[in-house]
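Reader: I would like a close look at the aromatic pairs in this model, beginning with a single ring and working outwards. Please go on to the strands and the pocket after that.

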Amino acid sequence: NTNSISKNAMISYLGRANYIYDDKYYFTATFRRDGTSRLSKENRWGNFPSISAAWRISKEKFFKSSWIDDLKIRGNWGRLGNSSIGDWDYLGTINQSLVTIIGGVPVAGAAQVKLVNSNLVWETKETMNFGLDAAFLNQRLNVSAEYYNRKTTDMLLGYPKATSSGFSEYNANIGSMRNTGFEFSLGGSLIKTTDFIWNLTWMGSTVTNKVLKLTGESPEIIKGVFSIKEGMPINTYYMAKSAGVDPATGAQLYWVYDKDDNGNITNEYISSDYQKAANSKYYSGSRIPDLYGSINTDFSYKNFDLSILGTYSIGGKVYDSLYAGSMEVMYAGNTWNKHALRRWQQPGDITDVPRIQIGGSYTASDRFLVDASYFAIKNITLGYTIPKQWLKKAGLEAVRIFGSVDNLALFSHLDGMDPQYNFKGETDYSYAPNKTYSVGFEINF
């Protein structure tokens, strides 16, 4: 029998002041002070202020326009904190459930689970935003655009450690990074008549990420197929580069290289030596997309209404380790991916899938980096509102009957891969979102 217990606590003090003058000038200031049990007593408190201001230009007397209904500019600055680590990561926690067999007798034991780092502090994110909101043509068209600049300092991440120490990593404040980009929303009524209305809204975001500084002796941290390096996006892929399949032998080929005494790459060539490839890694992009967001449209015709919501992402890559495992099977009897049918089978075959080997020798390569772009139909809802004259005798204000479906379809570059919900850049064993059908009604009295 084993048991475990985990506790954490947070206490917060929050204050906010708002001021609006003449419906033209808006000011907000907030301050919060947070304390968390996840950090040591010396470092558990953090102060996080923010201020914002907006100016509604369209309310000024000098502003006159027959087609601009509303125009506002805004900006804000703020600081947020993050302490999302284990409950006692700043302590040297002990696992007491270890059992070993000595002379046929089970003996209980204990071992240190994590290394102590009592110097952990809050990860902080400082954000500046500047935006514009506008409405045109009697509210038929609405536009919102914003530029953001977010700097994260004292990033809380696992710092690799030599496994000979008995630990693979320990939590640390490893450095700082910056995210910049634009967010926008464009929406309006494309058609608006007495009986028929069609609205469409397009939202999008961009992000550019750069690691600014890493603490410690090295300007780079290698973790599996990822690199965290100063001057590059966080979790940049760092792996061998595929050079295709040898049509004569069916062997997986790689680009490899030698290095001179100064560590510079020299003599780049193609080889089937996977061990050489494991030591000839390349930077191969990241999960970060060029553009991502949503598209929402809704229609209404008399008493019928229809809405459709889709999300999308363009650009970025995903390393599909599950796909790799099904294409490089280690044991007889394991299930192969159907793409194995494209494998090399005889001299002269031209294909991107090498010869089949059970328990073969490979190294992680960009062969399994998949375009992370996708489009998902998240929801479709169709409704019908019963005419009011039919409800008078029942004393009802409104009755709407509807049916909807969630997670109807996902279109991506590889069947079975779901790149929707995070930017971590690697797949894992998780369920895809359930496709859900539902019907219902809404009654207002």
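Author: The model is a predicted one. Tryptophan 45 has a relative accessibility of 37%. Buried means under 20% and exposed means over 50%, so tryptophan 45 counts as partly exposed. Tyrosine 147 and phenylalanine 182 form a tilted aromatic pair, with 5.3 Å from centre to centre and 55° between the planes. This pair links distant parts of the chain, since tyrosine 147 lies in strand E8 (residues 141-153) and phenylalanine 182 in strand E11 (residues 175-192), 35 residues apart. Tyrosine 147 is partly exposed, at 29% relative accessibility.

Across the whole structure, a search finds 15 aromatic pairs. One of them brings back tryptophan 45: its ring centre is 6.3 Å from that of tyrosine 13, and the planes stand at 25°. Planes under 30 degrees apart count as stacked, so the pair of tyrosine 13 and tryptophan 45 is stacked. Here too, distant parts of the chain are linked: tyrosine 13 belongs to strand E1 (residues 10-21) and tryptophan 45 to strand E3 (residues 45-56), with their positions 32 residues apart. Tyrosine 13 has 48% relative accessibility and therefore counts as partly exposed. Elsewhere, ring pairs join Phe196, Trp198 and Phe299 into a cluster.

Next come the sheets. Three strands make an open sheet in the order E17-E18-E19, with antiparallel pairing. Strand E17 (241-245) and strand E19 (265-271) are at the edges with a single partner strand each, so one side of each has no neighbour in the sheet. On average, neighbouring strands of this sheet are turned by 30° against each other, direction ignored. Strand E18 (residues 252-259) is joined to E19 by five bridges, and the two run antiparallel. Aspartate 258 has threonine 266 in E19 as its bridge partner.

Another open sheet has four strands in the order E14-E15-E16-E20, also paired in the antiparallel sense. Its edges are strand E14 (220-223) and strand E20 (282-283); each has a single partner strand, so one side of each is left without a neighbour in the sheet. Strand E16 (residues 236-239) runs antiparallel to E20 and is joined to E20 by two bridges. Tyrosine 238 has tyrosine 283 in E20 as its bridge partner.

Further along the chain, strand E22 (residues 304-314) pairs with E25 over ten bridges in the antiparallel sense. The bridge partner of aspartate 305 in E25 is glycine 383. E25 also pairs with E26, again antiparallel, over eleven bridges. Threonine 385 and arginine 400, the latter in E26, are bridge partners.

E25 and E26 lead on to the largest pocket, which holds about 690 Å³ of space. The pocket is lined by 35 residues, and the closest to its centre are Gly416, Met417, Asp418, Pro419 and Ala432. Helix H2 (321-327), strand E25 (374-385) and strand E26 (398-412) are the elements that give two or more residues to this lining. E26 gives the most, with five residues. By class, the lining consists of 16 nonpolar, ten polar and nine charged residues.

Technical notes
Residues are numbered from 1 along each chain as its sequence is written. This is a predicted model: local features need pLDDT of at least 70, side-chain atom pairs count only at pLDDT 80 or more; totals for chains, interfaces and linings use all residues. Side-chain values use heavy atoms; hydrogens and water are left out. On a 1 Å grid over the protein atoms alone, a cavity is a set of points where a 1.4 Å probe fits but cannot get out, and a pocket is an open set with protein on both sides within 12 Å along at least five of seven lines; lining residues have an atom within 4 Å of a point. Grid points are joined across faces, edges and corners, and a volume is the space filled by probe spheres set on the points. Ala, Val, Leu, Ile, Met, Phe, Trp, Tyr, Cys and Pro count as nonpolar, Asp, Glu, Lys and Arg as charged, and the others, Gly among them, as polar. Two strands pair if DSSP finds at least two bridges between them. Axes are lines fitted to C-alpha atoms, for helices over the stretch in contact, and angles run from 0 to 180 degrees between N-to-C directions. Rings of Phe, Tyr and Trp (its six-membered ring) pair if their centres lie within 6.5 Å; planes under 30 degrees apart count as stacked, over 60 as edge-to-face and the rest as tilted. Buried means under 20% relative accessible area, exposed over 50%, partly exposed in between (1.4 Å probe, protein chains only).
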